[in-house]
Amino acid sequence: MAGRDILKDAEIKKRLAALPEWSRNCRSIKRAVRFDTYQQGIDFVCILAELADGCNHHPDIEIRENVVTLHCTTHRAEGITSFDFDLAHRIEGLIADTIIEE
């Protein structure tokens, strides 16, 4: 299925260049977002959940105090696909539009 093919290392590196806050983590791309408070992080996750549901592509989410870490991977493909980068760009838009970082 188009879009669900695992990307080659060179393509992942190229696409990460457009997402400077993201990095590769084995079979996923990840980003940590620091908030002023725990509640701000939880609010962000609630907004993100709606966005992810709308895309039918869901990141793995880790919450530690006021830091939310996101891992985008395509579980069915067992690796990084174009869907993960599409979601990462949408997440960046969400952060830019609705979240104030330190």
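Is Arg64 buried or exposed? Arg64 is exposed, its relative accessible area being 58%. The model under review is predicted, and the points below take its salt bridges and then its cysteines.

1. Arg64 and its partner. Arg64 pairs with Glu62 through their side chains in a salt bridge, with an N to O distance of 2.5 Å. The acidic partner, Glu62, is partly exposed at 32% relative accessibility, whereas Arg64 counts as exposed. This pair belongs to a set of four salt bridges in the structure.

2. A pair within one helix. Another of the salt bridges joins Glu11 to Arg15, and the closest N and O atoms lie 2.7 Å apart. Both residues sit in helix 1, which covers residues 9-16. Their spacing in sequence is four residues, about one turn of the helix. Glu11 is partly exposed, with a relative accessibility of 26%. Arg15 is likewise partly exposed, at 26%.

3. A pair between a helix and a strand. Glu92 and Arg31 also form a salt bridge, and here the closest N and O atoms are 2.5 Å apart. Glu92 belongs to helix 3 (residues 82-98) and Arg31 to strand 2 (residues 28-34), so this contact ties together parts that are 61 residues apart in sequence. Arg31 is buried, with a relative accessible area of 4%. As background, side chains of opposite charge can pair when their charged atoms come close.

4. Disulfides. How many disulfides does a search of the whole structure find? The search finds zero. Cys26 is accordingly in no disulfide, and the nearest cysteine sulfur, which belongs to Cys72, is 15 Å away. A disulfide requires two cysteine sulfur atoms within 2.5 Å. Cys26 is exposed, at 66% relative accessible area.

5. Cys46. Why does Cys46 form no bond with the closest cysteine sulfur? That sulfur is in Cys55, and it lies 17 Å from the sulfur of Cys46, which is too far for a bond. Cys46 counts as partly exposed, with a relative accessibility of 47%.

6. Points to carry forward. For the charged pairs, the entries to keep are Glu62 with Arg64, Glu11 with Arg15 inside helix 1, and Glu92 in helix 3 with Arg31 in strand 2. Among the residues of these pairs, Arg31 is buried and Arg64 is exposed. For the cysteines, the entry to keep is the count of zero disulfides, with Cys26 exposed and Cys46 partly exposed.

How values were computed. Residues are numbered from 1 along each chain as its sequence is written. This is a predicted model: local features need pLDDT of at least 70, side-chain atom pairs count only at pLDDT 80 or more; totals for chains, interfaces and linings use all residues. Side-chain values use heavy atoms; hydrogens and water are left out. Buried means under 20% relative accessible area, exposed over 50%, partly exposed in between (1.4 Å probe, protein chains only). Helices (H or I, at least four residues) and strands (E, at least two) are DSSP runs, numbered from the N terminus.
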